[in-house]
Amino acid sequence: MQVKETVLQNKEEYISFLSRLVQTDTQVIGHGVLGGNEQAGQAIIKEKLEQLGFQIDEFLVDDEKIKKYPGANLGHSNEGRPNVVGTLKGTGGGRSLILNGHVDTMPFGDRSKWADDPFSGAVKGNVLYGLGSTDMKGSLAAMMMAAQVIHTLGIRLKGDLIIQSVVDEEGGGNGTLACVERGYTADAAIVGEPTQLHIQPAHMGFLFHEITVEGKSLHSSQLWEGVNAIDKAIKIYQSLKELEHRWLMTERHPLLPGPTINLGEIKGGIAGSVVPGSCTLKTCLHYQPNPRESYAATRERIHGDVLAAIDSVVKGDEWLQAHPPQVTVYQEGFPFETPLTHPFIQEIRQVLGGILQQDVVIEGMPAGCDARLLAGFANIPTIILGCGDPRQCHCIDESVPIDQFLTLIEVYASFIISWCGIDS
Ligand SMILES: [Zn+2]
């Protein structure tokens, strides 16, 4: 199969497709809550998919439909922000594949800090610059160009190839959630977040907790008659840090770090002279998948550990027994993991290793991404594999290495052929 040659022959066209995508503003506004500018980017994707013979499904995120999923981010402004999903129907008898990429980017921030226009899409040597070039228009363009390679070679696939260009990933993943709700599924899925061509078959889950502790407010000269809510909150925080320490002993994963709890926000009190009557802690907790239980069961267990750690403080404190802290989860996402023994992992590892001519790096992603939605809610064996360095995400002067982008096109195209099969 002439995949490598085709990529080399047409690389200028592939690079200019990526440039055009980067030059198009697709920023989310207010983390997707206030909207997003994805439409112009989706028009480019749609036009290209149509040219390549894909059937197009264009649809908006609908809160009513996605609200049944834990972690759905409701109340975002979805108007004018369509998902674009293209399906290239196979001739039958092959395995199907989803390639998933988000078209939205974070805002570029302070324009004056950029050396060049954030929408330049400029090429300098081996580097293409611009907002979203790594996160993740590079991989999204590579998915499209891989489909173009298949088209150029006149290959007819046996299995279905589905490309999902989704909105609002930066707002929490509603675009992919809407694809899952619409019934899209496949025998395997690749999410193209930047991994520097490493295979990531797992990522951490996350839970945001808000813990509000009540006290009794009084002038500080009478403090023995008041109850200091910040004092109580600190005890709870210490108990959570002890829990984090215990987890380091009990929760282990070959690809991922131990669970962590970050106290990210603390609000309490009004003045130095007043015993604070209330204190609120906001934490973010990252936790690992556990292959011995479902994602939902792991989430329940970890959340249960947090409640128990808080409860252990309450039990030893008369005031807190009478005034129990309020604990809510205000945002969350499951972890995910595809076992290394799965045939999908073995096959992508072989294809990638053959192209790189070196050992493939397999690692976990310490953050989370849309992979959890495809794996957790649609039960699709999923990995993350893309071009660009994750440290470039949401960065001033974001850029992507062009050789990695071109290699990724070759990897995606070769894997599509291998996985979906060819009708000869
Ligand atoms: Zn991303």
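Me: Which residues coordinate the zinc ion?

Reply: A metal site is read from its donor atoms. In this predicted model, the zinc ion is held by His102 through NE2, by Asp135 through OD and by Glu193, which is listed twice through OE. The distances run from 1.8 to 2.6 Å.

Me: What arrangement do the 4 donor atoms around the zinc ion make?

Reply: Geometry is read from the angles between donors. Four donors count as tetrahedral if all angles lie between 85 and 135 degrees. Here the 4 donor atoms subtend angles of 54 to 150 degrees, so the arrangement is irregular. Since water is not among the atoms, a site may look incomplete.

Me: How are the donor residues of the zinc ion spaced in sequence?

Reply: The spacing pattern is H-x32-D-x57-E. Asp135 and Glu193 are 58 residues apart and link distant parts of the chain. Asp135 belongs to helix α5 (residues 133–152), while Glu193 sits in the loop between β9 (189–191) and β10 (202–203).

Me: Are Asp135 and Glu193 buried or exposed?

Reply: Burial is read from relative accessible area, with under 20% as the cut-off. Asp135 and Glu193 are both buried.

Me: What is the order of the strands in the open sheet of 6 strands?

Reply: A sheet is read by walking from one edge to the other. The order here is β3-β4-β8-β5-β9-β18, and the pairing is mixed. The edge strands, β3 (55–59) and β18 (382–384), each pair on one side only. From one strand to the next, the twist averages 15 degrees.

Me: Where in this sheet can the mixed pairing be seen?

Reply: Look at the two neighbours of β8 in the strand order. Strand β4 (residues 83–88) runs antiparallel to β8 (residues 161–166), with 5 bridges joining them. β5 runs parallel to β8, and that pair is joined by 6 bridges.

Me: Which residue in β8 is the bridge partner of Val85?

Reply: Pairing can be followed residue by residue. Val85 has Gln164 as its partner in β8, and Val84 stands opposite Ser165 in that strand. On the β5 side, Asn100 is also partnered by Gln164.

Me: How many of the residues of β8 are buried?

Reply: The count is 6 of its 6 residues, so β8 is mostly covered by the burial rule. Side-chain direction is read along the strand. Leu161, Ile163 and Ser165 point one way, Ile162, Gln164 and Val166 point the other way, and all are buried.

Me: Which strands does α5 lie across?

Reply: Helix packing is described by the strands touched and by an angle between axes. α5, the helix that holds Asp135, lies across β5 (97–102), β8 and β9. The angle between α5 and β5 is about 145 degrees.

Me: With which residues is Val191 in contact, leaving aside its neighbours within four places in sequence?

Reply: A contact list shows which parts of the chain meet around one residue. Val191 lies in strand β9 and is buried, with a relative accessible area of 1%. Its contacts include Asn100, Met143, Cys369, Asp370 and Ala371. Leu374, Thr382, Ile383, Ile384 and Leu385 are also among them. Val191 and Gly86 are 105 residues apart in sequence, and their C-alpha atoms are 15 Å apart.

Me: What is the strand order in the open sheet of 3 strands?

Reply: The order is β6-β7-β19, with antiparallel pairing. At the edges stand β6 (123–124) and β19 (399–401), each with a single partner strand, so one side of each has no neighbour in the sheet. Strand β7 (residues 127–129) and β19 are joined over 3 bridges, and Val127 stands opposite Pro401 in β19.

Me: Which helix lies across β6, β7 and β19?

Reply: Helix α2 (residues 11–23) does, running at about 25 degrees to β7. Helix α12 (residues 402–420) also packs on the sheet and touches β6, β7 and β19. The direction of α12 makes about 65 degrees with that of β19.

Me: How many disulfides are there?

Reply: A disulfide needs two cysteine sulfur atoms within 2.5 Å. The count is 0 disulfides. For Cys387, the nearest cysteine sulfur is that of Cys393, 11 Å away. Cys387 is buried, at a relative accessible area of 0%. For Cys420, the nearest cysteine sulfur is that of Cys179, 17 Å away. Cys420 counts as buried too, at 1% relative accessibility.

Technical notes:
Residues are numbered from 1 along each chain as its sequence is written. This is a predicted model: local features need pLDDT of at least 70, side-chain atom pairs count only at pLDDT 80 or more; totals for chains, interfaces and linings use all residues. Side-chain values use heavy atoms; hydrogens and water are left out. Donors are N, O and S atoms within 2.8 Å of the metal (3.2 Å for Na, K and Ca); water is not among the atoms, so sites may look incomplete. Four donors count as tetrahedral if all angles lie between 85 and 135 degrees; four count as square planar and six as octahedral if opposite donors are over 155 degrees apart and all others between 65 and 115; anything else is irregular. Helices (H or I, at least four residues) and strands (E, at least two) are DSSP runs, numbered from the N terminus. Buried means under 20% relative accessible area, exposed over 50%, partly exposed in between (1.4 Å probe, protein chains only). Two strands pair if DSSP finds at least two bridges between them. Contact means heavy atoms within 4.5 Å. Axes are lines fitted to C-alpha atoms, for helices over the stretch in contact, and angles run from 0 to 180 degrees between N-to-C directions.
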